[in-house]
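Trainee: Got a minute? I'd like to walk through this one with you.

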Amino acid sequence: MATIVVKQIGSPARRPAKQRDTLKGLGLNKMHKTRELEDTPSVRGMVNAIPHLVTIIEEKA
């Protein structure tokens, strides 16, 4: 199972509700918090929807 490590780099303050909900869906809510998530198309889509708020730190096979 492949995983990716995602880090929140932007604040959800003053962002549209859809972007805040996407962060919550990824399990992120505070600056500089990281999460290890399964590398699925839905997770990749969520990350690609808010590239200004999150970054992929590491990809594991």
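Mentor: Sure, let's start with the sheet and then move on to the core.

Mentor: This is a predicted model, where local features need pLDDT of at least 70, side-chain atom pairs count only at pLDDT 80 or more, and totals for chains, interfaces and linings use all residues. Residues are numbered from 1 along each chain as its sequence is written, and side-chain values use heavy atoms, with hydrogens and water left out.

Trainee: In what order do the strands of the open sheet come?

Mentor: The order is E2-E1-E3, with antiparallel pairing. Strands here are DSSP runs of at least two residues (E), and helices of at least four (H or I), numbered from the N terminus; two strands pair if DSSP finds at least two bridges between them.

Trainee: And which strands stand at the edges?

Mentor: E2 (34-38) and E3 (54-60); each has a single partner strand, so one side of each lacks a neighbour in the sheet.

Trainee: How many bridges join E1 and E2?

Mentor: Five, in the antiparallel sense. Ile 4 stands opposite Leu 37 in E2.

Trainee: New topic: which residues make up the largest nonpolar core?

Mentor: Eleven residues, among them Ile 4, Leu 23 and Leu 37. Such a core is a set of buried Ala, Val, Leu, Ile, Met, Phe, Trp, Tyr and Cys residues joined through side-chain atoms within 4.5 Å. Buried means under 20% relative accessible area, with a 1.4 Å probe and protein chains only.

Trainee: Is Thr 22 buried or exposed?

Mentor: Thr 22 is in helix H1, and at 15% relative accessibility it counts as buried.

Definitions and conventions
Buried means under 20% relative accessible area, exposed over 50%, partly exposed in between (1.4 Å probe, protein chains only).
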